[in-house]
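Hi,

Here is the structure I promised to pass on. Have a look at it first, and then read my notes below.

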Amino acid sequence: MSYVDAIDKVAVPKPARFYTSPQFAHVFGVPMAYRRQGNGEAVVLFHGAGFTRRWIPLYEMLAKSVDFIAPEAPGFGETPLPKWFKNFDDLTILYDQFFETLGVDKIHLIGFSMGGWAASEFAAFYPRRLKSLSLITPVGLRLEDNPGVDIFQLSPVELLDRLFKDKRVMQEFLIDPEDFEEGIHLYSEFSAAARLMWAPRYNLALERRLQRLTCPTLVVGAEDDQLVPNAMSDRFAAVLPNSRLVRIPGTGHEPCLERPRALADVLLSFIAEAAR
Amino acid sequence: MNQLRFYFFHLMPYPYIPPTAEFASTWVSLSNKYYEPQRGRILYNEYIEQLVAAEKYGFDGVGVNEHHANFYGTMPSPNIIAAMLVQRTTHIPIGVIGNAIPLHGNPLRVAEEIAMLDVISGGRMISGFVRGIGCEYFNNGVAPGDSVERFDEAHDLIIKAWTVDGPFTWQGEHFYIPNVNPIPRPIQTPHPPVWIPGQGSLETLQFIAKHHYTYMMVFAPQWFTKMAFDGLREECLRLGYEAPKTMFNAVVPTYVAETDAQAHREAKAHLSWVFNTGLKIPDQLFFPPGYMSTKSFRNFIGALKKGRVKAQAQLTYDEMLKDRYLIVGSPETVKNQLGEYCEDVGAGGILAAGASYGPMPHWMVTKNMQIFSEEIMPAFRDADGKPDHLRHEPLAPRTRAEFAAQHGRPPEPARSLVTGSTQLIDHRVAHVPEIIDASLRGHPGIKLG
């Protein structure tokens, strides 16, 4: 089977706020959507399982200081989902090839939520590409006796309620759980997310594999995460070599949207230090 | 052949749960702490009584199915119930409609169990295959996005295991089995009839048409069932054959009593329970991500929003009657409506006819069965009133005498070698020294007599 076969093409809605047109890089026949702006150190952010397609204020802030790249994984944003795309191994190899295609060698990698898991997998397989690794309210490790809520059992209303500590954010981003097209798109993105993390919701091998990392690592936790237990960022900080943990006040699971200025400051100073 | 076949289909609900308004879903999240095994024992055994009784009332078949972690249907392992029915009935076909084949680690287990049941029952099994509804995927590690692929592959594996001599190797994408060699094989050739329950998706219809299987339309309004049946007829014509009426079964709960008013008085609360409580399921549990393609999901949610279809939990009893999800009334009414319905959609079989619904008391189920069998069934049968399965000889002898008469007298004995000996033992006479002595005398390893 050719990699180009069997791509499920669906129309992708454009969010009312912060939408920008992406560029595309063709990797294994998949047109990978990405947004890129700025100069300096190459900084890449792996998104979470939603809120794609937007050039959000955090990205704008980062792009003022670095060469900021935000790709969209298969099934997310405007990157289609090929049938063969099944797991984090597929994603890891796809991202490595994506960097080859862009001619980007060493990067500072940031991963948010599910993207934190993706970034951890990538880091474990390609540690020599990394100058630093930052994980924002990540998932992917096992917390014994504390599995947290099952995101796939939540209605859109319940999900949004748990995502934000600061509910004003929903207004700023015009996020409406009743929006038909966005609801359908969220289903398609969750369909891709379910391929990656329906079962199990962790990779036990990560705890061992991440020990290979020699670059500086940072974990950004929430003040009060109602979606993923706060203990998850503690666990990541304990597992990662050379790590520090920062919690940003006023945040729930979505520091990227809730406190972009504070988060950008933390990330940029960490990256600047790591680049030295 | 009779005009219409009637199948007694049971879901085996457990209705002793908190009032419907107090929980979000009867599936997945409603705690199993509400299941009281003491009550469950009474219920299961009553339900089994009803299924067994269906043979005496003259039904064309009985049916059970697989559901998990819910109070709507408490048969996580339908083959276990089928095994009991095999033992307590003699001639009636028994349908497991169906086994949720993508959910299990090794689909061969289903091939083995159905083959066991088919052999023990003398070829009376109907083998249904389903994906399982979306909720089912929360109870195990199978990703809902793999559901269709796993269904297709498990189906191909089971059919091959039943029809091709083993051993062979299965090298699939989702299942790898180094040695496929299920023992026993089913009695029915090439294999037990396959029924596919569905909700009318084009993919399902094409699959059924391709394999000449029997379709089973689950709860739906009449217009929708007709659309799906027409679609299936068209797919069959496209493949060059005219679909026989027996390919089309519809699940239409049917309740009959002395008068229309009496029938509604008796049935309304219980039939409503099946839809309003039993199927109270939030969208995100009904359709876990990947269970449907985004396109299908979009069509479905779009139709819900536009009011073209209604979630089953939202239907009122009057709407269920109007759209013919159900048929309820006096014998005259039920006869007429069933006749119209089957003529309109072109159905050859009705499932859940004259059956048990939700928390309906046992006596009421029995009442429905009796009136249904005496006043409705004969109207759709040949003059003798027999179900079709009594019109032909059983597929396999039921007694040793019949077997011997048909397979040689005496039947071929089992023969084996005892370790240390080179001479075959004839197990039929192994204990009779004067017969066996001649062949084994003098062998140092064996002492006989």
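Let me start with a pair of helices in chain A. On one side of their contact are A:Phe88, A:Leu91, A:Thr92 and A:Tyr95 of H2(A), and on the other A:Trp117, A:Ala118, A:Glu121, A:Phe122 and A:Phe125 of H3(A). Sorted by class, the residues of this contact are 7 nonpolar, 1 polar and 1 charged. Before you go further, keep in mind that this is a predicted model.

How do these two helices lie against each other? H2 covers residues 88–102 and H3 covers residues 114–125 of chain A; they pack at about 70°, and their axes are 9 Å apart. H2(A) and H3(A) are therefore roughly perpendicular to each other. The crossing of H2(A) past H3(A) is right-handed.

H3(A) also leads us to the sheet of chain A. That sheet is open and has 8 strands with mixed pairing, running in the order E2-E3-E5-E4-E7-E8-E9-E10. At its edges are E2 (23–27) and E10 (243–248) of chain A, each of which pairs on one side only. On average, and with direction ignored, neighbouring strands here are turned by 25° against each other. As for H3(A), this helix packs on the sheet and touches E4, E7 (107–112) and E8 (130–136) of chain A, with its direction at about 145° to that of E7(A).

If you want one strand pair to click through, try E4 (residues 42–46) and E5 (residues 67–71) of chain A. These two pair in the parallel sense over 3 bridges. For A:Val44, the bridge partner in E5(A) is A:Ile69.

Now over to chain B, beginning with where the chains meet. Here 17 residues of chain A are in contact with 20 residues of chain B. Which helices of chain B each supply at least two residues of the side that touches chain A? They are H8 (283–286) and H9 (294–305). H9(B) gives the largest share of that side, 6 residues. The side of chain B that touches chain A has 10 nonpolar, 7 polar and 3 charged residues.

Chain B has a helix pair of its own to show you. H1 (residues 37–57) and H2 (residues 78–88) of chain B cross at roughly 45°, and their axes come within 10 Å. That makes H1(B) oblique to H2(B). H1(B) passes H2(B) in a crossing that is right-handed. In this contact, B:Ile48, B:Leu51 and B:Val52 of H1(B) meet B:Ile81, B:Met84, B:Leu85 and B:Arg88 of H2(B). The class count for the contact is 6 nonpolar, no polar and 1 charged residues.

Next, look at H5 of chain B, residues 202–211. Its buried residues are B:Thr204, B:Leu205, B:Phe207, B:Ile208 and B:Ala209. Among the elements that cover these buried residues of H5(B) are strand E7 (194–198), strand E8 (214–217) and helix H6 (222–238) of chain B. After H5(B) comes B:His212, with a positive phi near 60°.

One last stop is B:Lys268, which sits in H7 (residues 260–277) of chain B. Is this lysine buried or partly exposed? B:Lys268 counts as partly exposed because it has 17 C-beta neighbours inside 10 Å, and buried would take 20 or more. From B:Lys268 to B:Pro76 is 192 residues in sequence, and 27 Å in space from C-alpha to C-alpha.

Cheers

Technical notes
Residues are numbered from 1 along each chain as its sequence is written. Chains are lettered from A and ligands numbered from 1 in the order in which they are written. This is a predicted model: local features need pLDDT of at least 70, side-chain atom pairs count only at pLDDT 80 or more; totals for chains, interfaces and linings use all residues. Axes are lines fitted to C-alpha atoms, for helices over the stretch in contact, and angles run from 0 to 180 degrees between N-to-C directions. Helices (H or I, at least four residues) and strands (E, at least two) are DSSP runs, numbered from the N terminus. Angles under 35 degrees count as roughly parallel, over 145 as roughly antiparallel, 65 to 115 as roughly perpendicular and the rest as oblique. A crossing is left-handed if the near helix is turned anticlockwise from the far one by less than a right angle, and right-handed if clockwise. Two residues are in contact if their C-beta atoms, placed from the backbone, lie within 7 Å. Ala, Val, Leu, Ile, Met, Phe, Trp, Tyr, Cys and Pro count as nonpolar, Asp, Glu, Lys and Arg as charged, and the others, Gly among them, as polar. A residue is buried if 20 or more other C-beta atoms lie within 10 Å of its own, exposed if 12 or fewer, and partly exposed in between; C-beta atoms are placed from the backbone. Two strands pair if DSSP finds at least two bridges between them.
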